[in-house]
Amino acid sequence: MNIDPVADYLTRIRNAVLATHRVVEIPASNLKKEITKILFDQGYILSYKFIDNDHQGIIKIALKYEKFTNDPVIKRIQRVSKPGLRKYASSSEIPRVLNGLGISIISTSKGVMTGKQAQKEHVGGEVLCYVY
């Protein structure tokens, strides 16, 4: 039993980046799939694959590294809203990450999206994490 599946997801990615692994496998859920799609669309991961098995499924994520320096593209991935203290933001209060160089991932009533998309659509929600 996992109390905070999003924190577990982020921690698995963080640990794989620190250990310079090329691929990380994570137990799947719909929220984790949406976060993975956002990370891929924003260029933070190389590719991903959803593998469905009998009861839960797995997300295989190929991590992205710089071509010449072999530094990871994900410098930091940080959980913001926690089960003990939820963080919500209206569309005008969505935080900028690293002065616009990073992204915030927001869970809104229209689905999971980046902070910039949420501001364009004028929706607020729960701030899940920051990535840069």
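Mentor: Let's start with a term: a residue is buried under 20% relative accessible area, exposed over 50%, and partly exposed in between. Keep in mind that this is a predicted model.

Trainee: Thanks! What makes Phe 50 partly exposed?

Mentor: Its relative accessible area is 28%, and values between 20% and 50% count as partly exposed, so the label fits. Phe 40, at 34%, is partly exposed too, and so is Tyr 48, at 27%.

Trainee: Why is the pair of Phe 40 and Tyr 48 called edge-to-face?

Mentor: The ring centres are 5.3 Å apart, with 75° between the planes. Centres within 6.5 Å make a pair, and planes over 60 degrees apart make it edge-to-face, so both conditions hold.

Trainee: And why is the pair of Tyr 48 and Phe 50 called tilted?

Mentor: Here the centres lie 5.1 Å apart and the planes are at 45°. That angle is neither under 30 degrees nor over 60, so the pair is tilted. Phe 40, Tyr 48 and Phe 50 form one aromatic cluster.

Trainee: What makes Lys 33 a charge over the ring of Phe 50?

Mentor: The charged end of Lys 33 is 5.3 Å from the ring centre, and the distance cut-off is 6 Å.

Trainee: Now helix 1: how do you know that its buried residues line one face?

Mentor: Those residues are Val 6, Tyr 9, Leu 10, Ile 13, Ala 16 and Val 17. Viewed down the helix axis, they fall within an arc of 130°, so they line one face. Among the elements they pack against are strand 1 (23-27) and helix 2 (30-41).

Methods: Residues numbered from 1 in each chain as written. Predicted model: local features only at pLDDT ≥ 70, side-chain atom pairs only at ≥ 80, totals over all residues. Heavy atoms only, no water. Buried < 20%, exposed > 50% of the residue type's maximum accessible area, 1.4 Å probe, protein only. Helix = DSSP H or I, 4+ residues; strand = E, 2+ residues; numbered from the N terminus. Arc of directions from axis to C-beta. Contact = heavy atoms within 4.5 Å. Phe/Tyr/Trp six-rings, centres within 6.5 Å; stacked < 30°, edge-to-face > 60°. Lys NZ or Arg CZ within 6 Å of the ring centre and 35° of its normal.
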